[in-house]
Amino acid sequence: MPAFRQVGEKQLPNPILFMAWSPKRDLIALANTSGELLLHRLANFQRVWSLPPNENTGKEITAVAWRPDGKILAFSVGDTKQVVLCDAEKAEILHLFTVEYPVSCMHWMEVQDDSSTLSSFSESEDESSRFLPKLPTLPKSYSTTSKIFSEEKSDEVTNLLGDVRLNILVVGGSSGFVELYAYGLYKIATLNGISGTCRSLGLSSDLKSLSVITEMRSTEGRPEIHYMQLDTGLLSSCLPELTKMARKFTHISTLLQYLRLSLTCMCEAWEDILMQMDLRLTKFVQEKNTSTQVQDEFLELLLWGHASPELQALLMNQLTVKGLKMLGQSIDSSYSSIQKLVISHLQSGSEALLYHLSEVKGMALWKQKFQPLGLDPAAIEDAIVAVGSFTLKASELLQVIDKSMKNFKAFFRWLYVAMLRMSEDHVPPELNKMTQKDLAFVADFLSEHFSANKELFDRKGKYFNVERVGQYLKDEDEDLVSPPNIEGNQWVTFVKQSTHLKDSTLLFPTYPQKSLHFVKKMMEATIDLCLQKPAEVIGRSIKQAVCLRLYTIPEGSENTPRLFELPSLWNDKTASMHYVVFCMPEVSPSTIYIMRRATDPGRSVPNGLVAVNINTPLNSSIVDETPAQNPADSLYGCLDARFYDDETLTVVLRSLEDDENKMRVLAQLPLNSALRWEEEFIWDITLRLEQQIEGIPVQALAWGNHSRELENIKAQFVAVNGIRKVACVLSANLRHVRVFEMDAEEEEEDEERADESQEMSLDQDRLEDTLNDQSDAGDGEHGGVGGSMDTQVTGQKSGDILDDTAGSETL
């Protein structure tokens with residue numbers, strides 16, 4: 001019976017660029033050339049959901065990585081230079097951030113450390129929940145732009161932070177661009193000194209080193225593959241402090257997002273009806289023929305009940321009684337909504353920000369522990385002051401809203417009665433009464449909102465500003481049109497007269513001439529400076545430990561996509577080793593090379609380079625450097641190789657003797673004996689490895705019965721997950737996938753079903769080979785193949801992923 005059990009097969013309409021198995025579930029993420037992200041489950045390769053490209057994220061996916069707990073999927077977008085974090089359950093975008101260069105590779109790792117210190121930090125995280133009230137969720141109708149704080153999530157920050165154990169997302173791109181993000185949110189390091197474009201990344205689980213595969217031009221002008229190991233010892237030695245700082249700064253980042261969305265909700269709550277009134281009154285001022293001021297005409301209407309023909313036409317023909325009533329109700333509703341958002345969201349979010357920043361300042365003052373990480377007490381103090389100013393501006397807005405509501409209510413009530421009298425309609429008795437206090441409110445409204453100031457007219461194009469709240473919500477750098485009058489404020493007078501308080505650092509500065517948006521942007525810029533300092537300091541501490549030149553890329557493949565190409569990186573957590581797997585088909589097509597480096601750059605590794613020949617007779621063992629020749633054995637070349645676990649390599653092989661180049665084999669290579677090989681290779685680091693290939697001792701490696709011939713698919717690439725014991729094979733035209741369970745053998749019934757499936761798809765496979773030949777000639781971007789392609793999203797609820805995938809383990 002063939003090894004490995006086939007559990008799914010699919011023809012896809014668009015070429016696949018990336019495949020990534022979930023580390024915890026039987027799910028695989030696929031990214032295709034149309035910018036679509038797909039999630040499929042192992043059983044029958046059923047689609048769970050699809051995330052189409054949109055204008056906010058972009059449409060050119062360049063890398064994919066799973067968070068180690070399998071709950072969040074990260075992908076990078078090249079055309080918008082963004083990294084997007086997506087909820088694996090519901091295909092919702094949780095967070096996104098912009099990077100300087102397009103990302104070409106990503107790696108998300110979790111720290112493996114059983115230190116009791118981390119558990120103590122976990123307990124300290126609970127203190128914030130005891131001292132701070134839970135942030136209220138945003139109104140459902142306003143949370144469409146981001147789902148971080150949607151009503152369906154009970155603990156928004158925890159959903160993004162995950163477990164207390166530190167996990168780090170590493171992103172790399174062109175021009176040696178490499179950055180590290182704690183929990184995928186907060187940037188903790190920006191690396192310098194790397195040359196070329198990053199092809200692959202691997203951060204060790206002990207945080208001692210980072211492996212980087214780069215591509216750069218050689219002296220001969222050909223693209224050359226380099227391996228670099230970077231010493232990240234500072235991250236390892238300061239792991240407890242780094243974890244504490246990262247979680248605090250991640251809280252701060254999510255709170256800034258919360259305030260940003262709250263302000264967006266306030267802007268959406270404010271309707272544009274009042275702006276229409278502004279435009280109508282502006283037109284009235286510019287077109288009226290009388291020399292009297294608008295304020296005088298309204299005052300005349302207030303005192304004597306008479307209106308000029310121009311004002312009467314404005315009120316009765318443009319505003320209308322019904323329109324005025326609707327306008328008043330709309331303003332009252334909008335004011336109430338904004339007031340609630342300021343009190344419940346802005347103020348509570350600002351208080352949480354002050355709490356976390358104050359704790360970070362306390363950490364920064366503990367210089368022995370946190371100074372090496374770049375925490376600057378002065379920068380954090382500036383951030384605290386900026387948050388205080390934002391809180392004061394929010395309180396100022398509350399006072400303006402309260403005063404405006406009173407004035408608007410009085411003004412609209414009076415104007416409504418006046419318009420009813422003009423139209424000779426019945427005036428309700430409850431509205432006909434007007435007290436002296438009401439008259440004062442209307443007079444104040446007219447005096448404050450109508451002006452003949454020529455400077456104001458030149459700047460805004462109108463003689464007045466009816467609306468005072470909206471100016472606080474505008475994203476403008478200009479001063480407020482109608483700043484609050486603070487001349488009679490007793491506290492302001494007291495501070496100005498006090499010698500000690502006037503310049504005291506204990507008082508948060510106020511910006512009475514600026515809008516809430518302006519103060520918010522100033523606060524964000526100050527906090528960003530505070531957050532960026534550790535990334536710069538940690539980045540400068542990371543130094544290159546070794547750089548090895550491996551090989552040049554064949555000229556024929558220089559312009560082909562390299563999304564799946566080797567080298568492949570692997571981190572052996574048990575032995576604290578970096579593994580690099582690669583092939584050099586131009587010089588040794590049947591040899592696989594495995595390079596090993598200790599995660600501690602100061603520790604040497606015997607037999608750091610292992611070369612294995614895969615053309616070994618079946619079921620033989622390693623007995624000699626040169627394998628015995630057997631005429632019955634075929635010669636094979638390696639197309640793709642991925643580590644299945646610490647001692648097993650999954651490979652896709654092709655027969656070198658097949659004239660049609662269709663023979664493919666999926667095999668598991670046991671590396672136990674090969675990795676214990678004692679013969680040493682002396683590497684001359686001044687030369688490329690391919691220039692020293694004759695001196696590399698080659699071992700024979702048998703794969704025996706741990707293999708399966710792949711029929712009716714021109715396999716080229718493979719993605720594996722040793723924890724879930726699964727593999728997914730992708731064809732050369734990037735459209736045909738086949739999924740296997742690697743720890744089970746195919747039974748007869750399964751074989752019969754597979755034979756039927758192969759018969760049904762035989763014509764499609766022939767067409768696939770034809771398209772593949774065309775794609776080799778430059779035509780690889782056409783649509784899908786055959787009628788069995790998966791073009792519809794399954795109707796199954798995404799929330800059932802956990803239950804269904806748990807059941808698929810027994811397949």
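Start with the surface of the whole protein chain: its accessible area comes to about 36,400 Å², and 49% of that belongs to carbon and sulfur atoms. Of the 811 residues, 53% count as buried. This is a predicted model, and the mean pLDDT of the chain is 78, with 77% of residues at 70 or more.

Switch to a cartoon view. The chain holds 21 helices and 29 strands. Among contacts with a separation of 6 or more, 65% are between residues 24 or more positions apart.

**Where to be careful**

Colour by pLDDT and select residues 617-632. The pLDDT stays under 50 there, and the model has 25 contacts beyond four places in sequence for this stretch. Then select residues 756-811, where pLDDT also stays under 50 and the model has 98 contacts beyond four places in sequence. Where pLDDT is low, the predicted coordinates should not be read in detail.

**First stop: the sheet from β2 to β5**

Select residues 16-21, which form β2, and residues 47-51, which form β5. They belong to an open sheet of four strands, in the order β2-β3-β4-β5, with antiparallel pairing. β2 and β5 stand at the edges; each has a single partner strand, so one side of each is left without a neighbour in the sheet. From one strand to the next, the twist averages 20°.

Now add β4, residues 37-41, which is joined to β5 by four bridges, the two strands running antiparallel. Show the side chains of L38 and S50: S50, in β5, stands opposite L38.

**Second stop: the sheet from β6 to β9**

Select residues 61-66 for β6 and residues 93-98 for β9. The open sheet here also has four strands, ordered β6-β7-β8-β9, and its pairing is antiparallel. Which strands stand at the edges? They are β6 and β9, each with a single partner strand, so one side of each has no neighbour in the sheet. Neighbouring strands are turned by 20° against each other on average, direction ignored.

Next, select β7, residues 72-77, which pairs with β6 in the antiparallel sense over five bridges. Two pairs to display are A63 with S76 of β7 and V64 with F75 of β7. Five residues lie between the strands of this hairpin, and G70 takes a positive phi near 75° there.

Move to β8, residues 82-87, which six bridges join to β7 in an antiparallel arrangement. Display A74 and its bridge partner in β8, L85. The hairpin of β7 and β8 has four residues between the strands, and K81 takes a positive phi near 55°.

Stay on β7 and show its side chains. Is β7 buried or exposed? Six of its six residues are buried, so β7 is largely enclosed by the rest of the structure. I72, A74 and S76 lie on one side, with L73, F75 and V77 on the other, and both faces are covered.

**Third stop: the hairpin of β14 and β15**

Select residues 197-203 for β14, a mostly covered strand with six of its seven residues buried. Add β15, residues 209-217, which pairs with β14 over six bridges in the antiparallel sense. Display L201 and its bridge partner in β15, V212. Five residues lie between the strands of this hairpin, where L207 has a positive phi near 65°.

**Fourth stop: two serines**

Most residues other than glycine have a negative phi, and most peptide bonds are trans. Select S175, where phi is positive, near 60°. S175 sits in the loop between β11 (167-173) and β12 (178-182). With a relative accessible area of 52%, S175 is exposed.

Then select S576, which is not a glycine either and has a positive phi of about 55°. S576 lies in the loop between β18 (568-572) and β19 (577-584). Its relative accessible area is 24%, so S576 is partly exposed.

**Last stop: the cysteines**

A disulfide is a covalent bond between the sulfur atoms of two cysteines. How many disulfides does a search of the whole structure find? The search finds zero. Select C583 and C638 to see why this pair is not bonded: the sulfur of C638 is the closest cysteine sulfur to that of C583, but at 3.7 Å it is too far for a bond, since the cut-off is 2.5 Å. C583 counts as buried, at 8% relative accessibility. Finally, select C547, which is partly exposed with a relative accessible area of 28%.

Definitions and conventions
Residues numbered from 1 in each chain as written. Predicted model: local features only at pLDDT ≥ 70, side-chain atom pairs only at ≥ 80, totals over all residues. Heavy atoms only, no water. Buried < 20%, exposed > 50% of the residue type's maximum accessible area, 1.4 Å probe, protein only. Pairing = 2+ DSSP bridges. Axes fitted to C-alpha atoms, helices over the stretch in contact; angles between N-to-C directions. pLDDT = per-residue confidence, 0-100. Contact = heavy atoms within 4.5 Å. Areas by Shrake-Rupley, 256 points an atom, 1.4 Å probe, with all protein chains shown as cover.
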